[in-house]
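Colleague: I have a few questions before I go back to the bench. Can we go through the model together?

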Amino acid sequence: MASSSTGSSKPNFKLVDHFVAMGFPVWMVYKAIEKKGEDDKSLILDTLLAYMGPENSPSKYQCISSSSEESSSESERSSANDLFPDDDSPWIDDFTAKDKMVAILVNMGYPAVDALEAVEKCGLQAEIMELTDYIYTAQMEKQHDVQFQEPAYACPKPPHDDLPSSSRGKRKLCDIRVSRPKEMIGFGVPSHPRHIVERRLPKSALGPPYFYYENVAYSPKGTWETMSRFLDEIKPEFVDSKYFCAAARKRGYIHNLPILNRFCISPKPPCTIQEAFPDNKKWWPYWDPRTQLNCLVTVVSGFKLLSEDIQKRLESCPGDTPPKEVQEYVLVNCRKQNLIWVGKNKVAPLEPEEMEMILGFPKNHTRGGTTRLDKFKALGNSFQVDKVAYHLSVLKKEFPYGMNVLSLFSGIGGAEVALHRLGIPLKHVVSVESSKVNKNIFRSWWKETNQRGTLIEIGDVQHITIDMVGQWIKAFGGFDLIIGGSPCNNLAGGNRVSRNGLDGELSSLFYHYYRILHIVRDMMGR
DNA sequence: ACTATAATGACTGATTAA
DNA sequence: TTAATCAGTCATTATAGT
């Protein structure tokens, strides 16, 4: 089975390095070893040569995945599919009996908090009817407690609020919407803090060291299955930043962190456009219903022409209410390019400073010898700090005296900023980042915040060797956290040229994350 | 040379229609 | 159950402007 060749078993790094030294890409080496096993060197070499193939064979992911299906088994394919059965709740396998009960109620449309309370109070033997009755009476009681408000973090459209309040009282099983919009709340977000209370990790994945891996949620098919297979078969947690700030950002996370007792950093960022840009409120037409922005990306294009076009259209129609089709045109394009109102009938993209604020970075974080374009690119590629901090918050108790962090693909230091804002001291940080601009930004933050720890900067993950890791671990005793999001260029939907999948030129650096994670584990006696 | 801008669809998942 | 439709996307590259 495919599961025996990777995942729980430790890879043979000497063997991997042997072929890497010959010039084969790391991802290809892993793929070949995964397929052919570690025993027969020449067989691996043949496979690699076949992969490399004649020069004209493109390395598009479609080609590679289809060719591997031809030569190899159906079993490999089906095992990948088994990882993520077509189920509404992808975590159902991991549930305890209690979790299952809660999940059933949540899927019926009840708030997770209420569902949990009901299961705890009524016990596991309770009938569904009994549980729903409990929730109903509890909700009625809570309506009297006016002071019991949702936290300021309220999600823009809580699922249990989409039912008219009048029908809430007499909700019966038959009324309940079983399928509701899929929401990316992972194991929980501040407005749904205990969506899932427990999960089981494979033994091979238990920390230390902890690891935290991120990438775009909507990648080409099979991408997350592959990444999951390489990272201990842990199922990804998909979370949208819209629950943490005023802009959407759908990302997946594979990590082995505890998920109980997460908390938010303060100050909390504004969660709506109106809170984030109070000064722009006066320019906002009443017929633009947006309360949150779409994903902040690395570049906007054509916004000047569009802005003029919009202005002309709006000014050509009298009064405050343009015709429906004009409204529709304006809204569609504003959403598409993520524009905000900055003047009368005038729209514009966000400024870098505004992006910094929404993504949870300090003001002027990206200052320092960079062009405007550099800033957009750096920020568009970055973490949303509040969300990452929420996930990492569980480490605060465990590491009150600080952490040693291996930060791969550091970018502008989203992970470090998150830890810093959590109040977790950074003892030793090995930061791996290839972009000179990003390194400058991160270094100036490091100085600005008077970090007392040591910072080691590396330019390229591909240059990290077993020796280097060994020296770091000898020097400061090991890493507590390996964190990073590998390049999304070949995965992101916005890429029209080279959305090649995980084996694309840049996104294949994922395999180095995997490689280095396992080297660290190996060295730390895991 | 460097910087800003515009042009360039396809794919994914969710929703709705058939 | 399946097909059509909808909305949204950590982007790359050529060209214009400075």
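Modeller: What follows is a set of questions and answers on this predicted model.

Colleague: Start with the DNA. How many residues surround DNA strand C?
Modeller: A residue is counted here if one of its heavy atoms lies within 4 Å of the strand. The closest are R251, C295, T298, C488 and N489. The full set around DNA strand C holds 22 residues.

Colleague: How do the residues of the surface near DNA strand C divide into nonpolar, polar and charged?
Modeller: Gly is counted as polar in this split. Five residues are charged and seven are nonpolar. The polar group holds 10.

Colleague: Of the strand C atoms within 4 Å of the protein, what percentage belongs to sugar or phosphate?
Modeller: Both parts of the DNA take part. Bases supply the rest of those atoms. The sugar or phosphate share is 60%.

Colleague: Which residue has a polar backbone atom 3.1 Å from a base oxygen of DNA strand C?
Modeller: Take the base nitrogens separately. One is 3.1 Å from a polar backbone atom of S486. Another pair puts a backbone N or O atom of G494 at 3.4 Å from a base nitrogen. For the base oxygen, the polar backbone atom belongs to G493.

Colleague: Now S393. Is S393 buried or exposed?
Modeller: S393 is found in the loop between α17 and α18. Outside its own stretch of sequence, S393 touches N261, R262, F263 and L422. The cut-off for buried is under 20% relative accessible area. S393 has 2% relative accessibility, so it counts as buried.

Colleague: Which residue has its backbone oxygen 2.7 Å from a polar atom of the S393 side chain?
Modeller: A polar contact needs N or O atoms within 3.5 Å. This pair lies 2.7 Å apart, and the backbone oxygen comes from Y390.

Colleague: L422 is also in α19. How many of the nine residues of α19 are buried?
Modeller: Helix α19 spans residues 414-422 and is mostly covered. Its cover includes α17, α18, β6, β7, α20 and β9. The buried residues are G414, A415, E416, V417, A418, L419 and L422. That makes seven of the nine.

Colleague: Which residue with positive phi follows α19?
Modeller: Look just past the helix. The phi there is near 80°, and the residue is G423.

Colleague: Why is α3 largely enclosed by the rest of the structure?
Modeller: Helix α3 covers residues 26-36. Its buried residues include W27, Y30, K31 and E34. After the helix comes G37, with a positive phi near 85°. α3 is largely enclosed because its buried residues number nine of the 11.

Conventions. Residues numbered from 1 in each chain as written. Chains lettered and ligands numbered in written order. Predicted model: local features only at pLDDT ≥ 70, side-chain atom pairs only at ≥ 80, totals over all residues. Heavy atoms only, no water. Polar contact = N/O pair within 3.5 Å; in protein donor to acceptor, adjacent residues only side chain to side chain. Helix = DSSP H or I, 4+ residues; strand = E, 2+ residues; numbered from the N terminus. Buried < 20%, exposed > 50% of the residue type's maximum accessible area, 1.4 Å probe, protein only. Contact = heavy atoms within 4.5 Å. Lists of a residue's contacts leave out its neighbours within four places in sequence.
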